Amino acid sequence: MIKPTLLVLAAGMGSRYGSLKQMDGVGPNGEAIIDYSIYDAIRAGFGKVVFVIRHSFAKEFMEVFNEQRFGGKIAVEYVYQELDYLPEGFSVPEGRVKPWGTNHAVMMAADAIHEPFAVINADDFYGEDAYKVIGEYLKGLAGSENHYCMVGYEVSKTLSENGTVSRGVCTVDDDKFLKSMVERTQIERVNGTIVFHDGGADEPLAENTPVSMNLFGFTPDFFRYSKEYFIEFLKANKDNLKAEFFIPLMVNRLISNGTAKLKVLSTSALWFGVTYKEDKPALMAKIESLIEKGVYPRNLWA
């Protein structure tokens, strides 16, 4: 059976943390969120992890996150995302400093991935069950095209107690296939009800509304579609120095024009993240709780 690959979007780590050595550990032995993601992926049967990084911190990153660290239990590759990695005939617009976005990062792995793959953010804690669910689904997509998936989290399980969050709010049909995904900003719980602020009156969201946390599953044809649409995106946004080519933008296009279908998978896992610096103690406490329950060993790579 073909094993799926895990694609980790880590090119933004240098800007967020200053340098890899300054990245805060969240586990009892300094383990980073990435460590738990890889541990869960190995348990779920993934065969390879591909990291999207930048040249500016590549040496430092590779010294930490390599096959030796993971006990040789999963193959490791690295690809690079840089501002000037553009299709032939295009150049970086004068004054552009913002990265091209998450789907541009995904495109960087086209030559490294030839099997179904999952995409994750480096700094999101998705949980053991999420990797198990998407791993099993991806194993069934080997050899197919135009059929994708994502893990949908209940919005109530993705909030922060320290401020508002942005989430891709999903609408699904009766068979759990995605109909649309809309980015909603400033989601929070107000007086017991989850709402998002959209410039007008607060709009409520049901507790179990599925939202995207950028845990997607694709087959390799997604690279081809992305390359084609990225050219259109660049032409349409040549004067917009902040426009970003996000994964949901690509997904919505393929769903709306009937090219592909995307199954929204359910999980019992809780998403953890550090949206605000005040979120870190809660994340560490939740990991400690999972260790006490036996979900993870205290020393992850001992």
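Student: What makes strand 2 and strand 3 count as paired, and in which sense do they run?

Tutor: This is a predicted model, so keep that in mind as we go. Two strands pair if there are at least two bridges between them. Strand 2 (residues 48-53) and strand 3 (residues 75-80) have six bridges, and the sense is parallel. So the pair passes the cut-off of at least two bridges. One of the bridge partners to look up is Val 76 in strand 3, which goes with Val 49.

Student: How does the chain get from strand 2 to strand 3, and which hand does the crossover have?

Tutor: The path goes through helix 3 (residues 58-64), which makes a β-α-β crossover, and this crossover is right-handed. Right-handed means that, with the strands pointing away from you, the path from the first strand over the helix to the second runs clockwise.

Student: Why are Phe 61 and Tyr 78 called edge-to-face?

Tutor: Try the two cut-offs. Ring centres must lie within 6.5 Å, and planes over 60 degrees apart count as edge-to-face. Phe 61 and Tyr 78 are 6.4 Å centre to centre with 90 degrees between the planes, so the pair meets both conditions. Phe 61 lies in helix 3 and Tyr 78 in strand 3, so the pair ties together parts that are 17 residues apart in sequence.

Student: Are those two residues buried or partly exposed?

Tutor: One of each. Buried means under 20% relative accessible area. Phe 61 has 0%, so Phe 61 is buried. Tyr 78 has 23%, so Tyr 78 is partly exposed.

Student: What makes Trp 100 and Phe 230 an edge-to-face pair?

Tutor: Their ring centres are 6.2 Å apart and their planes are at 80 degrees, so the pair is edge-to-face. Trp 100 sits in the loop between strand 3 and helix 4 (102-107), while Phe 230 sits in helix 6 (residues 221-236), so this contact ties together parts that are 130 residues apart in sequence. Trp 100 is buried at 4% relative accessible area, and Phe 230 counts as buried at 0%.

Student: How many aromatic pairs are there, and which residues form one aromatic cluster?

Tutor: The count is 26 aromatic pairs. One aromatic cluster is made up of Tyr 36, Tyr 39, Phe 70, Phe 125, Phe 272, Tyr 296 and Trp 301.

Student: What charged end sits over the ring of Trp 271?

Tutor: That of Arg 167, at 4.6 Å from the ring centre. The distance part of the cut-off is within 6 Å, so 4.6 Å passes. Likewise, Lys 263 lies over the face of Phe 177, and the distance to the ring centre there is 4.7 Å.

Student: Why is there no disulfide between Cys 149 and Cys 170?

Tutor: A disulfide needs two cysteine sulfur atoms within 2.5 Å. The sulfur of Cys 149 is 13 Å from the closest cysteine sulfur, in Cys 170, so that is too far for a bond. The disulfide count is zero. Both residues are buried: Cys 149 has a relative accessible area of 0% and Cys 170 has 6%.

Student: How do you know that Glu 63 and Lys 59 form a salt bridge?

Tutor: The nitrogen has to be within 4 Å of a carboxyl oxygen. Here the N to O distance is 2.7 Å, so the two side chains do form a salt bridge. Glu 63 and Lys 59 are four residues apart in helix 3, which means about one helical turn separates them. Lys 59 has 63% relative accessible area and is exposed.

Student: Which parts of the chain does the salt bridge between Glu 207 and Arg 189 link?

Tutor: Distant ones. This salt bridge is 2.8 Å, N to O. Glu 207 is in the loop between strand 10 (203-204) and strand 11 (210-218), and Arg 189 is in strand 8 (residues 178-190), 18 residues apart. Glu 207 is partly exposed at 37%, and so is Arg 189 at 39%.

Student: What makes Arg 253 and Glu 232 a salt bridge?

Tutor: Their closest N and O atoms are 3.2 Å apart, so the pair is within the 4 Å cut-off. Arg 253 lies in helix 7 (residues 247-256) and Glu 232 in helix 6, so parts that are 21 residues apart in sequence are tied together.

Student: How many salt bridges are there, and which residues are linked in a network?

Tutor: The count is twelve salt bridges. Asp 40, Arg 43 and Glu 128 are linked in a network of them.

Technical notes
Residues are numbered from 1 along each chain as its sequence is written. This is a predicted model: local features need pLDDT of at least 70, side-chain atom pairs count only at pLDDT 80 or more; totals for chains, interfaces and linings use all residues. Side-chain values use heavy atoms; hydrogens and water are left out. Buried means under 20% relative accessible area, exposed over 50%, partly exposed in between (1.4 Å probe, protein chains only). Rings of Phe, Tyr and Trp (its six-membered ring) pair if their centres lie within 6.5 Å; planes under 30 degrees apart count as stacked, over 60 as edge-to-face and the rest as tilted. A charge sits over a ring if NZ of Lys or CZ of Arg is within 6 Å of the ring centre and within 35 degrees of the ring normal.
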